[in-house]
Amino acid sequence: MRMRPTLSWTPTEDLPPATTDLQPVADALSAGAVLVLSGAGISTESGIPDYRGEDGSLSRHTPMTYQDFTADAQARRRYWARSHLGWRTFGRARPNAGHRAVAAFGRHGLLSGVITQNVDGLHQAAGSEGTVELHGSLARVVCLSCGAYSPRRELARRLEEANAGFEPVAAGINPDGDADLTDAQVGDFRVVPCAVCGGILKPDVVFFGEAVPPQRVEHCRRLVREATSLLVLGSSLTVMSGLRFVRQAAEAGKPVLIVNRDPTRGDRHALARAALPLGTALSTVAGRLGIPVDDGTAARAGG
């Protein structure tokens, strides 16, 4: 079953006011077994923009949908040209203070798990073990015909060889790794097929309009059931793939805490929302709990 893409959300009710009080977050972490659900907002301080913030990419960019990618060869050409260029930026991204704080909470036994809606691998690069990639990872590629998986770096090498001299200057980079290029810049970019069967290659990510694999959803639901509270970091919760876990936690009577600059679709389910930059907020919480957070000098992005 495919989900209808949801690209925007406008509050239709009075939502609880945001605060700058981080004590509820510190209290939840002190109790332990906190499940983290992160979104694009936690990666903005690593140079990867979010979708819906003040400078969000949706103001200039419509993400690729599963339906367009599978049905239109020209759409795939545009996607792979833009993604090939964007991959270079993702490869240079490094975990920020927010990622490193989450990893530190995990090392000190305060978390029951981490679910991320991001495809950038930065939680893992910061040291968060067992992170569930709800929407997949740009570090992998899958063939839609034979199902073979391969590393993205291998595809990048093949695309470099097939498109020597492809060096356009992108207007921007998006959370899905898609760089902003004009059709003229895309030009006659050559897409390479699966090396195993010659089929269509797709990044191992969930596009808009595509369903998260049911077994992955159930795994996340189990994590919610096992957690004492849910901490949402940097997500507007516009899409149901993340919002459903907030609703599940609230219905089970588990506290939901949100740290996000802007209002979210889950605010009415939350005990509180702190409208603060994530790196600063999580570093502050770590300091209150006496948990050291590394300075990131050894962190390297995954993939």
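Helix axes here are lines fitted to C-alpha atoms over the stretch in contact, and angles between them run from 0 to 180 degrees between N-to-C directions. With that in hand, a good place to start in this predicted model is a pair of helices. Helix 8 (residues 214-226) and helix 9 (residues 240-251) have axes that come within 10 Å and cross at roughly 30 degrees. The crossing of helix 8 past helix 9 is right-handed. On the helix 8 side, the contact is made by Val217, Cys220, Arg221, Val224 and Arg225, and these meet Arg244, Phe245, Gln248 and Ala249 of helix 9.

Next come the sheets. One is an open sheet of 6 strands with parallel pairing, and going across it the order is 3-2-1-7-8-9. At its edges stand strand 3 (132-133) and strand 9 (272-274); each has a single partner strand, so one side of each is left without a neighbour in the sheet. Strand 3 pairs with strand 2 (residues 111-116) in the parallel sense, over 2 bridges. Within this pairing, Ile115 has Val132 of strand 3 as its bridge partner. Helix 9 turns up again here, since it packs on the sheet and touches strand 1, strand 7 and strand 8. The direction of helix 9 makes about 150 degrees with that of strand 7. Helix 1 (residues 23-31) also lies across strands, namely strand 1 (34-38), strand 2, strand 7 (229-233) and strand 8 (256-259). To strand 8, helix 1 runs at about 130 degrees.

Helix 4 (residues 97-107) is worth a look for its surroundings. Of its 11 residues, 9 are buried, so helix 4 is largely enclosed by the rest of the structure. The buried stretch takes in Ala97, Gly98, His99, Arg100, Ala101, Val102, Ala103, Ala104 and Phe105. What do the buried residues of helix 4 pack against? Their partners are helix 1, strand 2, helix 5 (122-126), strand 7 and helix 10 (278-288).

There is another sheet to describe. This open sheet has 3 strands in the order 5-4-6, and its pairing is antiparallel. Strand 5 (149-151) and strand 6 (201-205) form the edges, each pairing on one side only. From one strand to the next, the twist averages 40 degrees. Strand 4 (residues 136-143) and strand 6 run antiparallel and are joined by 4 bridges. Gly136 is found opposite Val205 in strand 6. Helix 6 (residues 152-162) lies across strand 4, strand 5 and strand 6, and runs at about 75 degrees to strand 5.

Finally, the aromatic rings. A search of the whole structure turns up 6 aromatic pairs. In one of them, the ring centres of Phe69 and Trp80 are 6.5 Å apart and the planes stand at 70 degrees, so the pair is edge-to-face. Phe69 sits in helix 2 (residues 66-71) and Trp80 in helix 3 (residues 73-92), so to speak two distant parts of the chain linked across 11 residues. Are Phe69 and Trp80 buried or exposed? Both are buried. Ring pairs also gather Phe69, Tyr79, Trp80 and Phe207 into a cluster. One member of that cluster, Phe207, has Lys202 lying over its face, at 4.8 Å from the ring centre.

Technical notes
Residues numbered from 1 in each chain as written. Predicted model: local features only at pLDDT ≥ 70, side-chain atom pairs only at ≥ 80, totals over all residues. Heavy atoms only, no water. Pairing = 2+ DSSP bridges. Contact = heavy atoms within 4.5 Å. Phe/Tyr/Trp six-rings, centres within 6.5 Å; stacked < 30°, edge-to-face > 60°. Buried < 20%, exposed > 50% of the residue type's maximum accessible area, 1.4 Å probe, protein only. Lys NZ or Arg CZ within 6 Å of the ring centre and 35° of its normal. Left-handed = near helix turned anticlockwise from the far one by under 90°.
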